[in-house]
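Got a minute to poke around a protein model together? Have a look at what's below, and then we'll talk it through.

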Amino acid sequence: MRTYKRVLYIITCFVVHGITAQDKSLVNTSESPYARLRGAGLADVSWTNGFWKEQFDIANNSTLPYMWDLYHDAETTHAYRNFEIAAGLMKGKHDGPSFHDGDFYKIMEGMAAMYAATGDNTLDRQLDEAITLLAGTQREDGYIHTPVLIEERWGTLGEEELQKQLGFEKYNMGHLMTAACVHYRATGKDNFLKIARGVADYLYDFYKKASPELARNAICPSHYMGIVEMYRTTRDARYLELAENLVDIRGKTDDGTDDNQDRIPFREQKNAMGHAVRANYLYAGVADLYAETGEKVLLENLRSIWEDVAYRKMYITGACGALYDGVSPDGTSYDPSVVQKIHQAYGRPYQLPNATAHNETCANIGNVLWNWRMLQLTGEARYADIMELALYNSVLSGISIRGKEFLYTNPLLVSKDLPFEQRWGNTRQGYIALSNCCAPNITRTIAEIGNYAYSFSEKGVYINLYGSNRLQTVTPEGSSLVLRQETGYPWDGDIQIVMEEVPSGEYGINLRIPGWSKGTTVEVNGKEISGVSAPGTYLELKRKWKKGDRISLSFPMPATLMQANPLVEEAANQVAVQRGPIVYCLESAGLPEGTDIGQVALDSKEAFTPVPLTIEGRQVMALHTSGYGGENNNWNNTLYKPLHKDNNRIEMEFVPYFSWGNREEGEMRVWMPYR
Ligand SMILES: [Zn+2]
């Protein structure tokens, strides 16, 4: 009966509404009453050449196959084996972190998105194989979490309820629901979605019956995003009710913490706090809920928290979560015995250390997820700016250029002289044994990158990201729209947009003028448009377009010396180099032999020359300049000494921050002194 109803429901949905391109978007806001923008379909954007084509090909040819094999190699990671044991295919024990299931779901999501873009049948077949296995593990009541299911099947079930609260099961289930929605939109098949409905039904019942303590929100709340996406896919109103309930109960128990963003109710939260992955996932999930309910305080708080992050707590690379460990700024008392610890967390305003920056890749991806949703809610370009900043810098730094090694943390300074080992290393690894959450996360993000490039509203199409690609879609109004971008962006700022098929009446093309840009010029068919919008806004070009019309955009891209708010002590009197959306760094490999990277200074009067550089077979744009070295400045057993001004001129080669650590294991810095 349940299955019958479900099928009937899905059929009714699509007969009544019809499936639009936007219904097949990564985050489907096509019917969200409080979202201004909706996305393109997962299959609508194809990268044709240049930066994102290269990155997308690395994901398709290297990262995804590598991940699939890795997660099937039980000697290295037990994730797939855990499902096999839970399904009863073999005996054994659960092994690996309790968030292993969720990491595998993220790989599945990446494969589904990749299938949408490439139509590669191998991916489809592999996904079906995994989905069949998942179905074999799922409990009658919809529950699925291998640490518990394996205990149930093979051993004595331990403190199940405790595990439910403290384990990562909601995180895992959240990723399952999101992956299943993407799979459904990519393939049209509902085999994964059926499992996800079981999960969503289980969670609905669980949160109805559970005590407030037990119902306390689980950590890393990917299930907020997941359950709202399930509502959007199925239109089952219970799932929206559950999403509201999750926000209602947050912060309603006595044992909440700022680290987990549940010391106080969300509706009282005005600042970013605690574990940055949990925080950004929560904010993204609340944004999803707002898109459906329009509850004012949710958006007000999201805006306030966003300002706290963007103006006071985010790195120049778009990275989030400054502190390995710290103390909650507000959830404390003067009694040290009740001071609350935080970890992998947002610190106080302007507390942005470089060498000890945590900046988990997942937190930086969370920043993208959150800003994408804020963009969809509001249509404001400042959210796209941060999305782009994080993508090009602190997300991509999490993966090697080869596409098979990953970073958990993303520091802005690496020095061999730092006399202590940090918990997480600064070398990319093929498998991060205790925390491989970031690798699958970045894998799915790159597979989905095309979906972030365009949005739609009644004002027309929005171009959020630039890169050579072809958009082939049907607008929400039902017109065919095909356009292509040709550009060397982000290495140069000239972009051509050519119309191939256009709606018959007047139609708006909304071009993102990045916040970093100055002196932008725009031409349509060679005629300059006057009054280009201010940086950090969308420029609306509304007219009757015809096939072959060409928009030429030019963003001048000088290398720019950036400074930080003086309250950022660890960047005081220093500069960083940025060109377009790319933040640069200096590595040992970019300095004359024997130069100590800790003692160099930039010459602020010197120009930078862009020079193509090949790293691991990939061409990036390096920047050459000259400055001052300090090779004789020995700091051994010295904390302070008189100023020694070394005027030794040296040549310096800056490389994009995301590409650091791909040439040799040297030192690296983003901020540096200047003269
Ligand atoms: Zn992670």
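Here are some questions and answers about this predicted model.

Q: Which residues coordinate the zinc ion, and at what distances?
A: Start from the donor atoms. One is an OE oxygen, from Glu 360, and the others are SG sulfurs from Cys 362, Cys 437 and Cys 438. In sequence these donors follow the spacing E-x1-C-x74-C-C. So that's Glu 360, Cys 362, Cys 437 and Cys 438, at 2.1 to 2.3 Å.

Q: What is the arrangement of the four donor atoms around the zinc ion?
A: Check the angles. For four donors to pass as tetrahedral, every angle has to lie between 85 and 135 degrees. Around this zinc ion they run from 94 to 119°, so the arrangement is tetrahedral.

Q: Are Cys 437 and Cys 438 buried or exposed?
A: The cut-off for buried is under 20% relative accessible area. Cys 437 comes in at 7%, and Cys 438 at 1%. Because both values are under the cut-off, Cys 437 and Cys 438 are buried.

Q: How many residues of α17 are buried?
A: Cys 438, one of the zinc donors, is also one of the buried residues of α17. Others on that list include Asn 441, Arg 444 and Ala 447. The buried residues of this helix pack against α2, α4, α8, α13, α15 and α16. The count for α17 is 10 of 10.

Q: What is the volume of the largest cavity?
A: Counting cavities of 30 Å³ or more, the model has four. The second largest holds about 80 Å³. For the largest cavity, the figure is about 120 Å³.

Q: Which elements give two or more residues to the lining of the largest cavity?
A: The lining has 14 residues, and those nearest the cavity's centre are Glu 109, Thr 178, Leu 369, Arg 373 and Arg 444. By class, the lining has six nonpolar, four polar and four charged residues. The elements giving two or more residues to the lining of this largest cavity are α8, α11, α15 and α17.

Q: How many nonpolar residues are in the lining of the second largest cavity?
A: Residues lining this cavity include Leu 42, Val 45, Trp 47, Phe 56 and Ile 449. β2 and α4 are the elements that give two or more residues to it. Two of the lining residues are polar and one is charged, while the nonpolar ones number eight.

Q: Is Glu 448 buried or exposed?
A: Glu 448 sits in the loop between α17 and β7, and it helps line the second largest cavity. Leaving out residues up to four places away in sequence, Glu 448 touches Leu 26, Glu 109, Ala 113 and Val 182. Its relative accessible area is 3%, so Glu 448 is buried.

Q: What C-alpha separation goes with Pro 514 and Ala 534?
A: Pro 514 is in the loop between β12 and β13, and at 0% relative accessibility it counts as buried. Its contacts outside four places in sequence are Asp 385, Tyr 489, Pro 535, Gly 536 and Phe 555. Pro 514 and Ala 534 are 20 residues apart along the chain, and their C-alpha atoms are separated by 8.8 Å.

Q: Which residues does the cis peptide bond with omega of about 10° join?
A: Look in the loop between β10 and β11, which holds Pro 490. The partner also turns up among the contacts of Pro 514. The bond with omega of about 10° joins Tyr 489 and Pro 490.

Q: Where is Asn 525, and where is Asn 637?
A: Neither one is a glycine, yet phi is positive in each: near 50° for Asn 525 and about 50° for Asn 637. Asn 525 is in the loop between β13 and β14. Asn 637 is in the loop between β22 and β23.

Q: Is Asn 637 buried or exposed?
A: Exposed takes over 50% relative accessible area, with partly exposed lying between that and the 20% limit for buried. Asn 525, at 43%, therefore counts as partly exposed. Asn 637 has 84% relative accessibility, so it counts as exposed.

Key:
Residues are numbered from 1 along each chain as its sequence is written. This is a predicted model: local features need pLDDT of at least 70, side-chain atom pairs count only at pLDDT 80 or more; totals for chains, interfaces and linings use all residues. Side-chain values use heavy atoms; hydrogens and water are left out. On a 1 Å grid over the protein atoms alone, a cavity is a set of points where a 1.4 Å probe fits but cannot get out, and a pocket is an open set with protein on both sides within 12 Å along at least five of seven lines; lining residues have an atom within 4 Å of a point. Grid points are joined across faces, edges and corners, and a volume is the space filled by probe spheres set on the points. Helices (H or I, at least four residues) and strands (E, at least two) are DSSP runs, numbered from the N terminus. Ala, Val, Leu, Ile, Met, Phe, Trp, Tyr, Cys and Pro count as nonpolar, Asp, Glu, Lys and Arg as charged, and the others, Gly among them, as polar. Donors are N, O and S atoms within 2.8 Å of the metal (3.2 Å for Na, K and Ca); water is not among the atoms, so sites may look incomplete. Four donors count as tetrahedral if all angles lie between 85 and 135 degrees; four count as square planar and six as octahedral if opposite donors are over 155 degrees apart and all others between 65 and 115; anything else is irregular. Buried means under 20% relative accessible area, exposed over 50%, partly exposed in between (1.4 Å probe, protein chains only). Contact means heavy atoms within 4.5 Å.
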